[in-house]
Amino acid sequence: MSAAKTPRQAMPEQPPLVRARNFEEVPLGYTAEQAVAEASRCLQCKNPACVQGCPVNVDIPGFIKHIAAGDFDKAIGKIWERNSLPAVCGRVCPQEIQCEGNCLLGRKGEAVAIGNLERFAADWERQHHVCELPSRDAATGKRVAVVGSGPSSLTVASDLVLKGHEVGLFEAFHKPGGVLVYGIPEFRLPKDIVGAEVACLQAQGVSLECDVVVGRTVTVDELFEQGFDAVYLGVGAGLPKFMRIPGENLVGVLSANEYLTRANLMKAYLFPEVDTPIPRGKRVAVLGGGNVAMDSARTAMRLGADKVSLVYRRSREEMPARKAEIHHAEEEGLDFQLLCNPVRYLGDDKGRLTGIECIRMELGEPDASGRRRPVEVPGSEFVLECDLAIVAIGSGANPLLTRSTPDLPLNKWGYVTANADTGKTGKKGVWAGGDIVTGAATVILAMGAGRKAADSIHEYLTWGW
Amino acid sequence: MFTIVNREEMAGGTVILNEIEAPRIAAKARPGQFLILKANENGERIPLTMAETDPEKGTVTVIYMVVGKSTELFRRLGVGDAYQDVIGPLGQPTHIEPGKNVVCVGGGTGVAVLHPIARGMKQAGCDVTSIIGSRNRDLLILEDKMRLASTDLHICTDDGSYGRKGFVTEVLKEKLEAGGVDQVVAIGPVPMMKFVSLMTREYGVPTMVSLNPIMIDGTGMCGGCRVTVGGETKFGCVDGPEFDGHQVDFDELILRLRAYTEQERCSHERCKWEEGGAA
């Protein structure tokens, strides 16, 4: 049977109604046999389109070939050449629009499960510890400060430490990982995995300091005064957006950032075993249609809600969330209130949320984003009863660091202006990448930006600005 | 890092002072700013406004009342023990205008936050009248320090066990009646700040309050610390903690502060029960 006709290996998963009430990871991972069978489907294209679809250009046919041959240690070594966070990327990348979206097999049948294979190789290595970490170039004596410890920063730190530079990573929270630890839930990305990938970087010599809020505890200029030769800003876009409709400050209306930070970083789902509480709604409404909305809604389900509604103003086709997450959410019984927009929050005399007045929408002509513009249907208002509302409509640039760095050029929305190919900002010695430059995007795009900035920083440290 | 180098008990052990090693923060902190502290791995992130900083020693000082599980865990830390995490300095520093005639009003542990501000204002050449109060004599803190930081100090207790019997607002009213007050600073329980602000508004005297809403990160990321000020939503952590008392929606703040009351009570009970069981 030719590879194209062999079916794609299905990922074993926890059954929907079981997993909807626990925080264990949903997909269980391939067995070695499944991984070899799936890897054998790869056509080993001469000009692999999958690699072009990968923002960090992992040698995809290269690592898959090793898996097909059963050389799992060689497979992870191959991935590490381009990607320092494979266990993360294998889980959270939108493969369907990147590597797998370009796979030749996908044109006539099902694409190779590249994400699942990447995850397999990374998990296999974490369990067996056989592969040596990539070796470091000779020390250059140059020091780079990397601000924030999310995916773009971790990529910069990894690339530069291998090139022989000294790297100091600064994190404002008490744990490293950025959005990987505060934003993405345990059932989608176990925090131990992030911890293990950060520990790898530390083993390679990256020094990590948590509880340092750059912009408050120390400024960018002070980092230069303290002897850093270059600074990379990978601080994300952590400013929650609200809809600015009446009743937004009622008790029971939370930003997705707050809800997910309580649940993920503070592990509030274990309260009272841990000390941080989290509101447990019986009827929960989540506003938005992206990955953050899916994560919030599925978390609410796991915290014991009777009903969780996703309120999104466009149709299912326009939902920006990863397809796998929408599918998982549907399987877990989430209620999709599509073409529906909140108008105001309703509360009781104790200032607690009791419901949301919503209005039905219909799709009109495409707007600037290319998506059809939602238009209100007059007279279609109705009340969605709920005792908890989570606002997941996006985030903006957090001004904390940029305000303390007055000579750093920003655009009109407060994002840092940086060259798209190099990450260079308008301030000498400072690079930026990830969400603080582009606005909220994906883990892998942030890593792609980190890769380009690391190359540019290395060039600067070697040859000058 | 974050080792406790000095610990004092006040107000009969219900109020604790911790002087903590945190050189980076001590070098940067200004009056009015706050810290976030976390006792241990599973601990909550608790915001507390600094009572003191010593850049030379590299220490910061917080004074807090033991009210729930987290502050109970803080209380159990002795000299030589360390907080797992101390983050700061956060928030905006106090804006001090030299040469003003200021009345500083403090209630309960709010006096700890008020003290560096009063001292800063006096050092800037302000005429500082302070009015501090508590439920009873035992709960009054920092009387001596406030006396040094003030031109004139008034003390009130609810039960009359010390100083004048009654609320701080009564003394304040007399001062406002007498006139010549340029600014009022009020720091203490939310109802006290509310009533002070209502009173000073009648007299048209600008009033600054320091708020302590529920928050997690303290860097503008979670939005949990939303307060309505002048009809607009502000974040206590990055826009505050100090705001114009005449503009703050105190009733909303009081409701929001109660969001987790029930869970906090359970957690605290459980914590006391566990300590009892271990002893």
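Mentor: A salt bridge here is a side-chain nitrogen of Lys or Arg within 4 Å of a carboxyl oxygen of Asp or Glu. By that rule, chain A and chain B share five salt bridges. The model is predicted, so local features need pLDDT of at least 70 and side-chain atom pairs 80 or more, while totals for chains, interfaces and linings use all residues. Residues are numbered from 1 along each chain as written, chains are lettered from A and ligands numbered from 1 in written order, and side-chain values use heavy atoms, without hydrogens or water.

Trainee: Why is the pair B:R24 and A:E209 called a salt bridge?

Mentor: The side chains of B:R24 and A:E209 meet at 2.8 Å, N to O. That is within 4 Å, with Arg giving the nitrogen and Glu the oxygen, so the pair qualifies.

Trainee: What makes chain A and chain B partners in contact?

Mentor: Contact means heavy atoms within 4.5 Å, and 46 residues of chain A meet 46 residues of chain B that way. About 3,800 Å² is buried between the two chains, 50% of it on carbon and sulfur atoms. On the chain A side, A:R216, A:N249 and A:D275 lose the most area to chain B, together 22% of what that side buries.

Trainee: Why is that area called buried?

Mentor: Because it is the accessible area (1.4 Å probe) that two parts lose on being put together, summed over both.

Trainee: How many residue pairs are in polar contact across these chains, and which element of chain A gives most?

Mentor: There are 21 such pairs, both residues at pLDDT 80 or more. A polar contact pairs N or O atoms within 3.5 Å; within protein one must be able to donate a hydrogen and the other to accept it, and sequence neighbours count only through side-chain atoms on both sides. Elements giving two or more residues to the chain A side are β5 (239–240), β6 (253–255) and α14 (256–265). The most, four residues, come from α14(A).

Trainee: What makes chain B a chain with domain 1 and domain 2?

Mentor: An automatic or database domain assignment sets the bounds: domain 1 is 2–90 and domain 2 is 96–194. Their contact takes 13 residues from domain 1 of chain B and 11 from domain 2 of chain B. These domains bury about 970 Å² between them, 69% of it on carbon and sulfur atoms. B:A11, B:E52 and B:I63 supply 38% of the area on the domain 1 side, more than any other three residues.

Trainee: How do you know that B:E52 and B:K145 form a salt bridge?

Mentor: Their side chains meet at 3.6 Å, N to O, so this Lys and Glu pair is also inside the limit. The rule finds two salt bridges across this domain interface.

Trainee: Why is A:D59 said to cap α4(A)?

Mentor: A side-chain oxygen of A:D59 lies 2.9 Å from the backbone nitrogen of A:G62, at the N-terminal end of α4(A). That oxygen and nitrogen are within the polar-contact limit, so the cap fits the rule. Helix α4 of chain A spans residues 60–68, and just after it A:G70 takes a positive phi of about 80°.

Trainee: What makes residues of α4(A) buried, and which are they?

Mentor: Buried means under 20% relative accessible area, with exposed over 50% and partly exposed in between (1.4 Å probe, protein chains only). A:I60, A:P61, A:G62, A:F63, A:I64 and A:I67 are the buried ones. Their cover includes α2 (32–39) and α9 (114–128) of chain A.

Trainee: How do you know that these are helices and strands?

Mentor: Helices (H or I, at least four residues) and strands (E, at least two) are DSSP runs, numbered from the N terminus.
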